[in-house]
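Q: Got a minute to go through this one with me? I'd like to start with a single loop and work outward.

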Amino acid sequence: MKRQFSTLVLISFAFVFVTITVLAGETQIIPPFERFALPNGLDVILVERHAQPTISYAMLIKSGSASDPAGMSGMHIVISRLLRAGTKSYPADRLAGIIDSIGGIIETKNFYKDEILLKGEFLSRDLSLVLKTLSEMMIYPTFTDEGVERLKARVASAVIRAQTIGEFIVREALYNRFYGDKGYGRSMVGEVEQIKNITRADVIKFHNDYFRPENAALILVGDYKPDKARQLITDLFSSWEQGRKIPPVSSAYSIPDSFRIAIMDNPQMSATNFIIGCPAVPPGSDDFAGLILLNYILGQGGGISRLDKDIINESGLATYIRSAIDWSKGNGMFYLSGNCPNYNTSEVIRRSLDILGELRDIRVSQKELDEAKIFLRGQYLSLFETSSGISEEMAFLLSSGVPVDYPTKLLATFEQIDPARLKSIAEKYLNPDHLTAVVYGPASLLKPSLSEIAPTEVVPGKQ
Amino acid sequence: MKKTEIKYSIILTAVLFILPYFCFAQSQIQEFRLDNGLVLLMQEDHSSPLVAIQVYYHVGSKNEMPGLTGINALCAKLYQKGTPHYPAGEYSRIIQGGGGATLAANDLDLTYFGAKVSSSQLDTVLFLEADRMQNVEPAYEKLLLARDEIFRERLTYIDNQLYGPLNEELFSLAYRSHPYSHPIYGWPVDLVNVTFEEFRAFFRQYYQPSNAAIIVVGDFNTEQLKKKVKLLFEKIISSPVPTPKKIIEPEQRGERKEILLISSQIPLVLIGYHIPAISDRDIYPVRMLYRALCLGTTGRLYRRLVMTEKSSLDINGAMVELEDPGLVVFYSSMNYGKSATLGEQQILEEIERLKTEPLSPAELEKLKNRTEVDYYRATQSAEQRASRIGYYYFTAGNLRLMNNEVEMARGVTAEEIIKAANKYLISSNRSVITLQPRIDSDLDKGSKLK
């Protein structure tokens with residue numbers, strides 16, 4: 001058996017080698033698509049797929065939480081939910097009844113800085129009806145007083161629940177520390193008191209400002225005849241009028257002069273949520289591909305990333321730890337975050353900073369870099385596997401300010417990045433003085449040991 | 001590439017148990033049994049250059065005896081801690097290094113592992129899975145590591161989450177005898193007391209070829225795959241798995257209630273009823289009952305509690321369909337100034353209506369149309385289809401039930417729904433948990449009054 005196993009080991013290595021060779025070649029990530037714009041500026045993308053008798057759509061408004069007006073944090077969520085609460089031709093009951101009667105599904109995805117997304121899935125036979133209701137929702141929503149009040153209450157309750165999730169709390173706090181109360185500093189889910197103050201007139205004004213064809217895109221993926229789809233979209237969406245210039249969004253931020261730690265105090269917590277990060281650059285920027293690779297090596301790669309390997313697999317200090325880079329039109333954050341028992345918090349923060357330092361000071365090996373490139377190629381392939389995935393990812397790319405074939409360009413850019421180039425990008429963006437940490441847990445327990453790492457302040461936490 | 005998305009799922013764990021209900025009509029599923037009892041289920045599909053490979057073991061928390069709860073969670077952790085040939089982390093490194101993603105999960109009925117990869121990497125995954133099936137060895141140090149990992153996860157996902165304990169409380173209230181009553185993580189005291197001998201014996205009993213199935217869906221050649229699997233897996237030594245003792249939950253004699261006091265501003269009510277096992281014919285009308293109450297904004301509960309009465313902020317539910325009888329769950333987050341008791345009363349009134357008033361043809365048609373859309377939604381990716389095959393093969397006992405689910409749903413009548421409501425949605429079959437805001441004079445967070 002042992003001999004057989006040795007043979008199999010050799011075969012296995014051969015397989016790995018073959019796999020790497022194949023994946024490093026040209027793989028089509030983005031499916032073929034047709035793109036056109038209506039005279040009013042609506043961007044339309046059509047992707048035909050006939051494997052199932054269904055269609056998926058993504059209706060994108062390229063504005064999200066960063067566009068919430070001052071004093072109305074949460075407006076983008078309230079309005080996205082109100083779209084389904086009745087239109088000129090379809091009162092609320094009738095609209096919901098029509099969608100449900102055909103088995104259709106509409107979801108809103110609105111926890112983003114630059115995006116409000118309406119996603120739909122339905123049977124191909126219902127294309128005309130679905131596009132009709134969608135055009136009504138975008139162009140002619142009624143925003144009744146009753147609907148506004150009901151949705152405000154629901155959104156406020158969702159905010160209260162979100163504010164019990166430690167991972168969410170520290171991320172919001174980190175954004176707020178760099179970006180302040182404007183633009184990217186605005187909460188992704190809103191503030192309860194500000195949501196309560198939103199009026200119907202405010203909602204109508206927000207709709208007039210942002211729900212415009214030149215600020216929107218429609219992606220249709222699935223089983224349909226393109227001629228028919230093109231005609232329907234032209235007929236139904238051409239009456240959507242352009243508006244005044246879309247107000248700009250602020251992604252300006254200020255960088256501290258040294259590393260600091262903020263503790264959001266919650267004495268009841270027996271485990272700590274933590275986040276360490278700083279602003280990065282938007283997709284499409286020269287260094288973005290390098291940051292994507294750094295992110296994978298640091299903490300996106302699950303059990304094989306450096307953070308996970310050191311802090312979880314080898315030390316058992318935390319329950320989870322990962323890194324992320326936010327894709328935004330402006331400068332999103334690059335950060336690592338996790339959760340650990342309170343008694344391990346200072347050690348986890350210390351080790352995380354050490355791992356960031358190693359990434360900055362020591363070149364990654366060619367092997368580690370190659371593995372990151374191959375993994376990311378495979379992930380992009382997977383993201384565009386289904387109709388639903390294609391429509392959502394394409395909308396997401398557009399809201400991030402890059403073209404829908406950006407992943408292909410990104411993969412090509414990966415090939416130009418070597419360990420030396422990656423090190424220079426790490427030096428530029430992982431400056432320890434530019435980082436800030438936020439931890440959510442019992443301050444009396446955490447402060448003494450965290451103060452030994454960096455200046456530490458205690459701020460009120462959510463209880 | 002996806003941005004962080006905040007999800008507000010109150011009964012997260014329950015939802016995770018639910019697999020979509022519907023069948024799919026892609027190419028036929030081929031079944032092949034090796035001499036050592038291992039089953040291979042294959043569905044060839046060349047629509048994308050991807051393949052999902054999943055290894056299912058027919059073991060879950062329901063196979064744990066009293067005093068040994070959590071032992072399967074420990075074994076599932078052990079399975080991911082590597083072999084002498086590929087130490088911990090190597091499996092993930094090789095799969096991810098080739099562009100793939102890994103998968104591992106354990107629930108009440110099943111435990112499964114696997115990967116989704118480019119089709120050129122299929123052979124690598126098969127090789128690594130054969131190595132794991134043959135060479136994972138229980139060791140005392142690994143038991144300690146697994147135990148620490150579970151304790152940390154419990155701290156993060158149960159103890160420090162406002163709604164974290166809800167599922168554990170509901171299941172332990174609804175089940176008295178059946179092992180569905182205890183959590184997948186096990187009770188902490190049992191995890192501490194489990195011995196290495198018990199751990200090793202449990203692992204060896206259940207984690208072997210005759211208790212497993214390999215599911216492969218995607219871009220491959222069926223005949224070639226059969227040969228490769230035979231070459232890699234057939235020589236792995238297997239022993240018969242003793243038929244587990246069938247534990248039948250005694251009929252509930254009356255309604256059970258529990259009040260949880262926690263730091264929430266929003267009262268919540270959670271109502272569960274025992275439902276038939278996934279293989280029972282009654283599951284089809286029960287699914288329709290659930291959909292009639294909870295489907296979208298035109299579901300009866302949403303219309304009554306959120307739209308009309310405005311007593312509730314949010315209504316939702318879950319069908320926890322299992323190998324043995326599971327639960328259907330409804331919950332309501334209450335509006336400001338509205339009590340959980342009011343929410344409970346209104347939900348029960350809507351349920352009572354279903355026992356006497358037949359669904360209109362239009363309402364029934366709506367539920368059936370949604371069944372069809374959900375089916376297509378649940379079968380888009382190779383990974384989704386592999387999961388469904390593994391789930392149905394072991395929990396339903398065959399794949400026929402999966403393949404004709406839309407057809408069976410289309411055949412459900414309004415009369416069958418009334419009959420199911422009167423059989424299952426009755427007070428003596430009900431467990432209710434209310435979550436009430438704690439005030440300063442109350443007990444500590446997490447305290448409960450029964």
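A: Fine. This is a predicted model. A place to begin is Phe143(A), which sits in the loop of chain A between α4 (127-139) and α5 (145-162).

Q: What sign does phi have at Phe143(A)?
A: Positive, about 50 degrees, although Phe143(A) is not a glycine. Most residues other than glycine have a negative phi.

Q: And is Phe143(A) buried or exposed?
A: Phe143(A) is buried, at 3% relative accessibility.

Q: Which residue in chain B has a positive phi without being a glycine?
A: Lys310(B) is one, with a phi of about 55 degrees. Lys310(B) is in the loop between α11 (300-308) and β9 (312-320) of chain B.

Q: How accessible is Lys310(B)?
A: Its relative accessibility is 35%, so Lys310(B) counts as partly exposed.

Q: Back to chain A. Where is Ala85(A)?
A: In the loop between α2 (75-82) and α3 (92-101) of chain A. Ala85(A) has a relative accessibility of 11% and counts as buried.

Q: What does Ala85(A) touch, leaving out residues up to four places away in sequence?
A: Ala92(A), Thr142(A) and Arg150(A).

Q: How far is Ala85(A) from Thr54(A)?
A: The two C-alpha atoms are 25 Å apart in space, and the residues are 31 apart in sequence.

Q: Let's zoom out. How many helices and strands does chain A have?
A: There are 17 helices and twelve strands in chain A.

Q: How does the radius of gyration of chain A fit a compact globule?
A: It agrees: chain A has 24 Å, and a compact globule of 463 residues would have a radius near 23 Å. Along the principal axes, the C-alpha atoms of chain A fill a box of roughly 65 × 60 × 45 Å.

Q: How much of chain A is buried?
A: Of its 463 residues, 62% count as buried. The area that chain A exposes is about 16900 Å², with carbon and sulfur atoms supplying 52% of it.

Q: What about contacts in chain A between residues 24 or more positions apart?
A: Those account for 83% of the chain A contacts with a separation of 6 or more.

Q: How are the charges of chain A placed?
A: Chain A has 49 positive and 53 negative charges, and their mean positions are 1 Å apart.

Q: On to pairing, then. How many salt bridges does the structure hold?
A: 65 over all chains. Side chains of opposite charge can pair when their charged atoms come close.

Q: Which residue does Arg421(A) pair with?
A: Asp287(A), with the closest N and O atoms 2.9 Å apart. Arg421(A) is in helix α16 (residues 419-429) and Asp287(A) is in the loop between β8 (271-279) and α10 (288-300) of chain A, so the pair ties together parts that are 134 residues apart in sequence.

Q: Are Arg421(A) and Asp287(A) buried or exposed?
A: Arg421(A) is partly exposed, with a relative accessible area of 33%. Asp287(A) is buried, at 7%.

Q: What about Arg360(A)?
A: Arg360(A) forms a salt bridge with Asp361(A), at 3.6 Å from N to O. Arg360(A) is buried, with a relative accessible area of 15%.

Q: And in chain B, which residue meets Asp109(B) in a salt bridge?
A: Lys62(B), at 3.2 Å from N to O. Asp109(B) is in the loop between β4 (101-106) and β5 (111-118), and Lys62(B) is in the loop between β3 (50-57) and α2 (71-79) of chain B, so the pair ties together parts 47 residues apart in sequence. Asp109(B) is buried at 2% relative accessible area, and Lys62(B) is buried at 15%.

Q: Which residues of chain B do salt bridges with shared partners join into one network?
A: Arg304(B), Glu309(B), Glu349(B), Glu350(B), Arg353(B) and Glu357(B).

Q: Last topic: why is helix α3 of chain B described as largely enclosed?
A: Six of the eight residues of α3 (residues 90-97) are buried, so the helix is largely enclosed by the rest of the structure. The buried residues are Tyr91(B), Ser92(B), Ile94(B), Ile95(B), Gln96(B) and Gly97(B).

Q: What comes just after α3(B)?
A: Gly99(B), which takes a positive phi of about 95 degrees.

How values were computed. Residues numbered from 1 in each chain as written. Chains lettered and ligands numbered in written order. Predicted model: local features only at pLDDT ≥ 70, side-chain atom pairs only at ≥ 80, totals over all residues. Heavy atoms only, no water. Helix = DSSP H or I, 4+ residues; strand = E, 2+ residues; numbered from the N terminus. Rg over C-alpha atoms; globule rule 2.2 N^0.38 Å. Buried < 20%, exposed > 50% of the residue type's maximum accessible area, 1.4 Å probe, protein only. Contact = heavy atoms within 4.5 Å. Areas by Shrake-Rupley, 256 points an atom, 1.4 Å probe, with all protein chains shown as cover. Lys, Arg positive; Asp, Glu negative; His and termini not counted. Charge placed at Lys NZ, Arg CZ, Asp CG, Glu CD. Salt bridge = Lys/Arg side-chain N within 4 Å of Asp/Glu carboxyl O.
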